[in-house]
Protein chains: 2
Amino acid sequence: MQKKPTFCGVIAPVLTPFGEDGGPDAERFVEHCQWLMATGCTALAPFGTTSEGNSLGLDERMELLEELVDARTMEPAKLMPGTGTCALSDAVVLTKHAVDLGCGGVLMLPPFYYKAPSEEGLFRYFAEVIDEVADNRLKIYLYHIPPVAQVGFSLSLVGRLIKAFPDTVVGLKDSSGDWNNTAALLATYPGFEVFPGSEVFLLDGLRKGAAGCISATCNVGAAAIRNVYDNWQGPDADKLQADITALRKAIQAFPMIPALKALIAHYRQDPAWVKLRAPFVDLSTADADKVIRTLADAHGFKLDFAQAA
Amino acid sequence: MQKKPTFCGVIAPVLTPFGEDGGPDAERFVEHCQWLMATGCTALAPFGTTSEGNSLGLDERMELLEELVDARTMEPAKLMPGTGTCALSDAVVLTKHAVDLGCGGVLMLPPFYYKAPSEEGLFRYFAEVIDEVADNRLKIYLYHIPPVAQVGFSLSLVGRLIKAFPDTVVGLKDSSGDWNNTAALLATYPGFEVFPGSEVFLLDGLRKGAAGCISATCNVGAAAIRNVYDNWQGPDADKLQADITALRKAIQAFPMIPALKALIAHYRQDPAWVKLRAPFVDLSTADADKVIRTLADAHGFKLDFAQAA
């Protein structure tokens with residue numbers, strides 16, 4: 001394949017802020033998206049795992065996406081919202097909606113309720129979504145995250161989907177945490193846009209043809225990750241990669257989503273940002289303080305919200 | 001607790017038929033519900049695991065339920081639809097809808113995308129659903145099916161929910177397949193309406209205070225299961241139980257949902273019934289024939305649709 005990639009670079013699965021009423025907070029969401037793009041992200045993936053995306057209702061997802069597009073602060077082509085759900089028909093609704101808003105792609109989980117589905121069954125799920133959305137603007141990124149979804153994409157299923165839908169199934173986010181799987185995808189399907197799900201694998205990935213990374217940590221550390229992406233062929237690449245790897249490991253010593261929200265709340269001086277939706281629980285003040293202290297002490301880590309638009 | 005139970009007896013998680021267009025087939029669905037009630041079910045649980053419930057969209061579930069209630073062939077009080085989803089807000093929508101239609105209860109999965117949630121997080125999910133539905137007609141049955149959902153209900157979480165919401169959280173379907181768990185629930189929370197998820201545990205369950213069973217096999221074998229329920233204190237109870245256990249084991253030697261649909265399709269002489277929604281795949285004709293042959297040969301098993309209304 002010698003096509004211009006649809007997405008590349010540093011992509012944040014956008015954290016979802018919640019308001020006092022427990023619903024998603026569209027104003028803070030749009031503000032966070034703007035800040036992410038201003039601080040190094042090349043594109044955004046709302047409604048991923050880090051976004052508590054599967055804890056959001058269909059209407060909530062569609063309304064947030066509309067608010068973001070209506071704010072006109074970024075091109076919809078740079079949005080890759082999560083639209084895969086257990087129910088084929090709900091996935092069609094969300095996917096159609098995203099395409100109609102001009103989103104450049106969608107990041108699709110496989111149906112993940114029923115465990116150990118057959119490869120044929122998963123293939124048909126995607127074939128039916130593509131058939132029902134019936135729009136050649138649709139670009140699907142497969143979301144492979146077996147540690148959470150349990151159901152994933154085998155190398156052979158990916159190959160079948162690429163072969164059957166070469167202009168539609170264009171990439172994959174690999175959150176397996178298994179570098180061998182990422183390397184196998186890159187070696188087997190050149191031109192397919194593979195994004196490791198952690199910046200720990202960014203430099204190794206780029207050297208083997210990865211398109212960038214889609215990583216939770218981009219919510220707070222996009223600038224440094226972007227620096228690796230922009231300079232991966234430069235003399236300092238290994239040093240820059242070592243720095244972002246160290247920060248990632250420091251952050252993931254805590255529960256990832258609560259820790260990221262605690263960081264944003266702290267540096268933005270906006271306590272509302274710590275809120276999570278059940279089944280997640282907000283960090284206690286003491287635990288949030290520990291996150292801030294540990295990261296500030298060990299890494300001099302801070303966030304500059306003056307960079308926001 | 002000395003309350004009249006809300007549900008008891010033999011409850012089928014109703015199979016969902018699909019039409020040529022891939023959507024749920026409301027006419028066949030209502031017909032099947034009528035037949036199930038005519039052949040021994042005391043109540044119905046649409047949109048469970050056997051129903052491919054998590055493969056149905058929100059709108060599809062609500063429309064099917066409305067069709068069934070509108071058909072006026074059974075009391076809505078005898079319906080316990082599945083309304084638990086990964087997203088709290090979607091669960092609220094489905095639960096409110098079911099209560100407004102007069103359903104006697106709802107069968108709620110925990111949010112199952114994020115794995116290993118805290119007990120506190122799961123407690124809050126249910127507390128928020130109950131708070132937002134805000135209707136004292138709401139009766140929740142917890143749906144414990146860790147082999148599929150992965151996320152389940154610990155004995156202590158069940159206790160917390162009963163204590164906090166004694167008039168709302170009234171029962172549980174135990175599809176753990178672990179008799180010790182069922183026995184522990186029955187011993188710890190007398191009066192709580194516990195339904196084993198398989199009729200294999202029906203007699204043992206009834207002897208320890210279970211309310212009945214909610215089982216996939218009720219879609220084809222309700223009469224015999226009802227016979228155990230009605231005669232569990234009689235002299236033939238063990239013999240009757242042995243028969244339904246043998247049939248269950250014969251059926252579950254095949255993939256359960258496709259096998260049940262193949263049986264219905266065969267005995268109803270209605271090939272449309274074999275259809276499954278992705279990620280499930282229809283049985284091949286050869287495999288469907290094997291299901292029929294094996295069950296007919298070994299168990300003289302047949303279905304009499306003349307019993308339908």
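Two residues are in contact here if their C-beta atoms, placed from the backbone, lie within 7 Å. The model on screen is predicted, and the tour starts where the two chains meet.

**Stop 1: the interface**

Show chains A and B together. By that criterion, 33 residues of chain A are in contact with 33 residues of chain B. To see where the chain A side comes from, select α2 (58-70), α3 (88-100) and α4 (119-133) of chain A; each supplies at least two residues of the side that touches chain B. The largest share, six residues, belongs to α4(A). Colour the chain A side by residue class, and it divides into 18 nonpolar, eight polar and seven charged residues.

**Stop 2: the symmetry axis**

Keep both chains and superpose chain A on chain B. A turn of 180 degrees with a shift of 0.0 Å along the axis lays one on the other with an RMSD of 0.0 Å. The two copies are therefore related as by a two-fold rotation axis. To locate the axis from chain A, select A:Tyr113: its C-alpha is the nearest to the axis in that chain, at 4.1 Å. Both copies use the same surface, since 100% of the contact residues of chain A recur in chain B.

**Stop 3: the sheet in chain A**

Hide chain B and select the strands β2, β1 and β7 of chain A. In that order the three strands form an open sheet with parallel pairing. β2 (43-44) and β7 (212-214) stand at the edges with a single partner strand each, so one side of each has no neighbour in the sheet. Now pick β1 (residues 9-12) of chain A, which is joined to β2(A) by two bridges, the two strands running parallel. Which residue of β2(A) is the bridge partner of A:Ile11? Select A:Ala43 to see that partner.

**Stop 4: the sheet strands in chain B**

Switch to chain B and select β1 (residues 9-12) with β7 (residues 212-214); three bridges join these parallel strands. B:Ile11 stands opposite B:Ile214 in β7(B). Add β2 (residues 43-44) of chain B, which is parallel to β1(B) and joined to it by two bridges. Here B:Ile11 stands opposite B:Ala43.

**Stop 5: α9 and α10 of chain A**

Return to chain A and add α9 to the sheet. This helix lies across β1 and β7 of chain A and runs at about 175 degrees to β1(A). Next, select α9 (residues 218-230) and α10 (residues 237-251) of chain A: the two helices pack at an angle of about 150 degrees, with their axes 9 Å apart. Because an angle over 145 degrees counts as roughly antiparallel, α9(A) is roughly antiparallel to α10(A). The crossing of α9(A) past α10(A) is left-handed.

Show side chains for the residues that meet. On α9(A) these are A:Gly221, A:Ala224, A:Ile225, A:Asn227 and A:Val228, and on α10(A) they are A:Ala237, A:Leu240, A:Gln241, A:Asp243, A:Ile244 and A:Leu247. The contact consists of seven nonpolar residues, three polar and one charged.

**Stop 6: backbone exceptions**

Most residues other than glycine have a negative phi, and most peptide bonds are trans. Select A:Ala278 and A:Pro279, which are joined by a cis peptide bond with omega about 15 degrees. A:Pro279 is in the loop between α11 (256-268) and α12 (285-299) of chain A. In chain B, a cis peptide bond joins B:Ala278 and B:Pro279, with omega about 15 degrees. Finish at B:Ala116, where phi is positive, near 55 degrees, in a residue other than glycine. B:Ala116 is found in the loop between β3 (106-108) and α4 (119-133) of chain B.

Notes
Residues numbered from 1 in each chain as written. Chains lettered and ligands numbered in written order. Predicted model: local features only at pLDDT ≥ 70, side-chain atom pairs only at ≥ 80, totals over all residues. Helix = DSSP H or I, 4+ residues; strand = E, 2+ residues; numbered from the N terminus. Nonpolar A, V, L, I, M, F, W, Y, C, P; charged D, E, K, R; others polar. Axes fitted to C-alpha atoms, helices over the stretch in contact; angles between N-to-C directions. Parallel < 35°, antiparallel > 145°, perpendicular 65-115°, else oblique. Left-handed = near helix turned anticlockwise from the far one by under 90°. Least-squares fit on C-alpha atoms with pLDDT ≥ 70 in both. Pairing = 2+ DSSP bridges.
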